[in-house]
Amino acid sequence: MSNLTKSPSSSLKPASVGALNDAPFPRPIVAWGIVAAFFVAYIFSFIDRMIIGLLVESIKADLKLSDTQIGLLQGFAFALFYTVAGIPIGRLIDRAPRMKIVAAGIFVWSIMTAICAGVTNFWQFFIARMGVGVGEAVLSPAAYSVISDSFPKGRLGLPMGVYGLGSAMGAGLAFMLGAVVVALVANADATVLPILGEVKAWQVAFLVAGLPGLLIAALFLFLPEPKRRFTEAEANDKSPVPMSAVMDHMRENKVFFWCLFLAVGMVNLSVLGSISWLPAMLMRTFGMELAAAGYLSGAMLIIGGLIGLIGGGALMDRIGGGTPQVRLRFCGWSAAIGSIGALTFPLTDSIPLLAVSFILFFSAAAVAVGAAPSTIQQLAPNRMRATISAAYVFVINAVGLGAGPTLTAMIGDNFFAFESGIRYAIAIVAVSGYIVGAILFFIAARNVEKHAH
């Protein structure tokens, strides 16, 4: 890195407190109310994103799809527009009212999720999933920006962890909700809906997942927007930061940004490549019914998320004063330890051992979900935060969401093309991603420490 200290915008040091930072933060009840709203939105985001993972076998049978095509729908189709739309949306969030942008995003992804219920072939499904990605590209960059303006920088770990918990809760509830809907529809007479006519259980699941999000979108229209908090230099210059300045800042700190972004991306590769196929693996390997696989998968995700995001977030705020270096090293050790669970849960023939090892695996990933955004918010200049967060979301989703589910399916289809073969594909992807991620976290921590003084 060069010229790291030539200006506040190019330094990796946490931004100094300036004029507008002397204003009080929102009252705790307001700040935590905002976190709660984003938490609920993130739950619905992940329900809409992950519901397809429980319905793999039903969708494959009805639409005549392969595992690789399902993997493309789970990952690449969703990530394609999610990643492409993320950067311009981040720029918009840095300049415009954030709550209204979030409301629009939730509206779009909820409608597109409901549209998935009416598709009849792969390409219709692919386009609908792309639409879900466009809407969801709004949420995290806006949430990181708003939450950062609501809490002191050294105490961002817990609120970011609570927000991030929405991903685990949402993924878990997607499997549980899907299991309930499928069980109810399977035990009922033929379900007939306006426009769609007679529908299958998986179609009803998409409607139930998508339509309630419209109420969440309406909620965000009435939420207060915290004042943006600037350093003294930023407060004196309120002109929009040009994209070239953001790129210069990221280029001058490229080792840190690339290592952090790719570290979380590789952890996401492991996690999304695993949980997208977890219910299918339980059904194929252990002969579970769909409902049982959904309940077990959902429970493990929620427990692992609670441990990693809430416990890990609170712990990192207390160890070493919540500094970026400490957060990154914590993530590195979590990924290294989590690789033990990554190897164990797909390969064991014991369901209790599978549950324990999967919770270890997922809680390790959950640590990074809360810690990485906190670190970015601590180090990024205010007027660049949402854009840099969007770049972060771009990379982690291109690597994790874009490649994880599809890579796992392709390894399974090409090298383990038998009923339970997906478990071996999961093991390969899960362990490899965690090991690479751990190494990159340690490099990022060392880089920040080198330039912190």
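Start by selecting Phe107 in this predicted model: with a relative accessible area of 47%, Phe107 is partly exposed. You will find Phe107 in helix H4, which spans residues 98-115. Now add Val108, Ile111 and Ile115 to the selection and switch on a surface; together with Phe107 they make a nonpolar patch of about 310 Å².

Next, head for the interior. The largest nonpolar core has 156 residues. To get your bearings, colour Phe38, Ile59, Phe125, Phe206, Phe220 and Phe261, the residues with the most contacts inside that core. Then centre on Ile59. Beyond its neighbours within four places in sequence, Ile59 is in contact with Ile52, Lys64, Leu65, Ile70, Phe125, Trp202 and Phe206.

Rings come next. The whole structure holds 26 aromatic pairs. One of them is Phe345 with Phe358, an edge-to-face pair with 5.0 Å centre to centre and 90° between the planes. Show the helices around this pair: Phe345 belongs to H15 (residues 324-347) and Phe358 to H16 (residues 351-379), 13 residues apart. Both rings belong to buried residues, Phe345 and Phe358. For a bigger selection, try Phe38, Tyr42, Phe46, Tyr144, Tyr163, Phe220, Phe256, Phe257, Phe261 and Tyr392, which ring pairs link into a cluster.

Now for the charges. Side chains of opposite charge can pair when their charged atoms come close. Here the count comes to eight salt bridges. Select Asp67 and Arg284, whose closest N and O atoms are 3.0 Å apart. This salt bridge links distant parts of the chain, from Asp67 in H3 (residues 67-93) to Arg284 in H13 (residues 278-286), 217 residues apart. Are Asp67 and Arg284 buried or exposed? Both are buried.

For a local example, move to Asp248 and Arg251, which meet in a salt bridge at 2.8 Å, N to O. What separates Asp248 and Arg251 along helix H11? They are three residues apart in H11 (residues 243-252), so about one helical turn lies between them. Asp248 is partly exposed, at 36% relative accessibility.

A further salt bridge to select joins Arg423 to Asp349, with the closest N and O atoms 3.1 Å apart. Because Arg423 lies in helix H18 (residues 422-450) and Asp349 in the loop between H15 and H16, the pair ties together parts 74 residues apart in sequence. Colour by accessibility here: Arg423 is buried at 6%, whereas Asp349 is exposed at 64%.

As a last stop, select Glu57, Lys60, Asp67 and Arg284, joined into one network by salt bridges that share partners.

Methods. Residues numbered from 1 in each chain as written. Predicted model: local features only at pLDDT ≥ 70, side-chain atom pairs only at ≥ 80, totals over all residues. Heavy atoms only, no water. Core = buried A, V, L, I, M, F, W, Y, C linked by side-chain atoms within 4.5 Å. Buried < 20%, exposed > 50% of the residue type's maximum accessible area, 1.4 Å probe, protein only. Contact = heavy atoms within 4.5 Å. Patch = residues over 30% accessible without salt bridge, like charges linked within 9 Å, V, L, I, M, F, W, Y side chains within 5 Å. Areas by Shrake-Rupley, 256 points an atom, 1.4 Å probe, with all protein chains shown as cover. Salt bridge = Lys/Arg side-chain N within 4 Å of Asp/Glu carboxyl O. Helix = DSSP H or I, 4+ residues; strand = E, 2+ residues; numbered from the N terminus. Phe/Tyr/Trp six-rings, centres within 6.5 Å; stacked < 30°, edge-to-face > 60°.
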